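Q: Could you take me through the charged side chains of this model, and then through its overall form?

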Amino acid sequence: MIERFLKQTSFTSVEDYNKNLEFIIPENFNFAYDVMDAWAEEKPDGLALLWTNDQGEEIRTTFKELKEQSDQAASYLQTLGIGKNDPVMLILKRRYEWWVVMLALCKIGAIVIPATHMLTKKDIVYRNTRASVKAIICVDDSYVIGQIQEAMADSPTVKQYIAITDHGKPIPKGFRDWQSEWKKAPQFERPAFVNENDDTMLMYFTSGTSGEPKMVAHDYLYAMGHLTTGVFWHNLHESSLHLTVADTGWGKAVWGKFYGQWFAGATVFVFDHEKFNADTLLRQIEKYKVTSFCAPPTIYRFMIREDLSKYDLSSLEYCCTAGEALNPAVFDKFYEKTGIKMMEGFGQTETTMTLGTFPWMKPKPGSMGIPNAQYDIALIRADGTPCEDGEKGEIVVRIGDKKPIGLFKGYYRDEEKTREAWHDGLYHTGDMAWRDEDGYYWFEGRIDDVIKSSGYRIGPFEVESALMTHPAVVECAITGVPDDIRGMVVKATVVLGKEWKEKAGDDLAKELQQHVKKVTAPYKYPRIVEFVDELPKTISGKIRRVEIRNNDKAKSEK
């Protein structure tokens with residue numbers, strides 16, 4: 001399959017990859033037709049999707065069956081008046097139908113807007129209004145249904161509300177019944193014209209760590225941009241069974257549960273569950289013999305606290321991580337217990353993978369890896385000049401004569417925000433890093449998160465990494481607190497392991513402070529330590545340091 005889209009399909013070194021990665025770009029590329037339907041022709045009986053849930057249900061779907069189901073769904077959506085350029089919001093958790101509907105919307109040229117099931121009425125109205133959403137397809141969850149119903153009166157652009165219920169359940173008021181209607185649709189006929197490459201295919205509302213969410217618009221080549229994600233970063237092949245831990249409302253879902261994996265012809269494994277439990281997840285890997293696994297570092301933190309000797313993880317061939325920076329202590333512990341070295345990657349909702357650790361590279365614990373050859377990556381100072389090795393700067397993407405495959409089109413209906421991030425031939429990620437002498441990048445934090453104390457610039461991640469090497473710490477967030485003498489001082493907000501919670505107090509705080517002084521430069525140690533049960537996070541799971549800072553500010557003003 002990938003030989004249709006790459007001039008060279010395998011690489012042996014960083015130099016080989018950087019020199020020879022070159023895409024073959026078809027006219028009017030459409031992932032659903034050009035990849036998925038092509039697989040249905042090439043290997044109709046190949047297993048495309050293995051879905052299971054925490055109730056023990058299981059669905060195995062071949063490429064041929066997925067083509068037939070997505071065709072049927074596309075026809076059904078057309079009967080509801082949904083077509084080219086119509087924005088459709090999906091709130092489906094990990095329901096099996098998400099994969100079918102994603103392909104169906106691609107086939108009719110509609111714009112898909114995946115969304116999390118945690119949205120409130122206010123969130124839904126905001127999204128409906130900002131994107132002129134025409135239809136919502138949602139899971140039959142009492143909370144989700146209730147929030148959508150409350151939003152209906154303030155969402156005049158939405159013409160169709162479609163609920164995917166379990167068979168036999170009553171249909172919520174105001175909703176159409178997917179289960180009883182979609183299979184009655186007439187035979188699907190592909191539209192005469194579906195899309196051009198630069199049409200909008202997909203939009204995400206970025207949760208952000210501050211401010212209202214922005215609409216990230218992606219074109220049809222964004223899907224092709226993830227070829228490198230699945231084939232080279234995840235190192236997948238046609239015999240792979242790949243599990244990425246991500247909710248379908250988060251951009252990481254299409255990183256790990258959709259585009260790149262199916263470019264490789266791999267089987268996507270889905271475990272639909274309500275509440276994360278490390279033991280349950282490990283049992284799924286063991287039972288189904290998952291070969292490839294990707295999750296944010298938080299998941300690995302909980303996994304390594306289990307007795308991994310209790311599980312047969314011998315099927316695992318490859319493990320990756322992204323979504324937040326990886327603490328070296330987590331890498332080391334996972335390697336010690338499994339013999340597998342995690343391969344880190346970095347990217348944003350606005351991009352595909354921009355930095356990564358590839359199979360032909362030796363991973364450095366805690367490093368994001370090197371620039372993905374489909375992007376021209378640089379580190380720059382605040383004045384725009386390039387950084388030297390070892391110097392902290394902002395990660396930017398240089399834009400040449402044409403937009404790189406995988407980079408977003410812009411923030412939909414927000415030219416001002418687009419210009420703030422994308423100007424003078426550069427896309428500014430807002431993320432800080434430094435580069436070592438081997439070209440590996442090391443994450444420092446968001447620009448707004450950097451702490452300036454007594455003339456020092458302290459990145460939160462370096463202190464968090466030091467804290468994470470203490471056995472008591474499960475998660476932590478480093479922020480700055482205003483100080484009359486130093487300008488700011490470092491504060492650690494810490495979540496303790498269950499066996500340490502009773503020890504929370506001044507003595508443990510001092511122990512953690514001394515620990516940081518030994519692991520990293522002493523000036524970075526947290527002068528304030530607060531113990532909490534959980535950290536504030538965005539709906540996509542990223543730590544909201546801004547909320548911690550705002551709460552501290554509010555307390556100081558009382």
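**Salt bridges and overall form**

A: We can begin with one pair: Arg60 forms a salt bridge with Glu58, their closest N and O atoms lying 2.8 Å apart, where a salt bridge is a side-chain nitrogen of Lys or Arg within 4 Å of a carboxyl oxygen of Asp or Glu. This is a predicted model, in which local features need pLDDT of at least 70 and side-chain atom pairs count only at pLDDT 80 or more, while totals for chains, interfaces and linings use all residues. Residues are numbered from 1 along each chain as its sequence is written, and side-chain values use heavy atoms, with hydrogens and water left out.

Q: Are Arg60 and Glu58 buried or exposed?
A: Residues count as buried under 20% relative accessible area, as exposed over 50%, and as partly exposed in between (1.4 Å probe, protein chains only). Arg60 is partly exposed at 47%, and Glu58 is also partly exposed, at 39%.

Q: Which parts does the salt bridge between Asp219 and Lys403 tie together?
A: Helices (H or I, at least four residues) and strands (E, at least two) are DSSP runs numbered from the N terminus. The closest N and O atoms of Asp219 and Lys403 are 3.1 Å apart; Asp219 lies in strand S9 (residues 215-219) and Lys403 in the loop between strand S18 (393-398) and strand S19 (410-411), so the pair ties together parts that are 184 residues apart in sequence. Asp219 is buried, with a relative accessible area of 5%, whereas Lys403 is partly exposed at 28%.

Q: Where do Lys417 and Glu420 lie?
A: Both lie in helix H15 (residues 415-421), three residues apart, which is about one turn of the helix. Their salt bridge has its closest N and O atoms 3.9 Å apart, and Lys417 is partly exposed at 36%, as is Glu420 at 45%. Elsewhere, salt bridges with shared partners join Asp37, Lys67, Asp71 and Lys107 into one network.

Q: How many salt bridges are found in the whole structure?
A: The search finds 38.

Q: What is the radius of gyration of the protein, and what would a compact globule have?
A: The radius is taken over C-alpha atoms, and the globule rule is 2.2 Å times the number of residues to the power 0.38. With 558 residues, a compact globule would have a radius near 24 Å, and the protein's 23 Å agrees with this. The C-alpha trace spans about 70 × 55 × 55 Å along its principal axes, and buried residues make up 60% of the 558.
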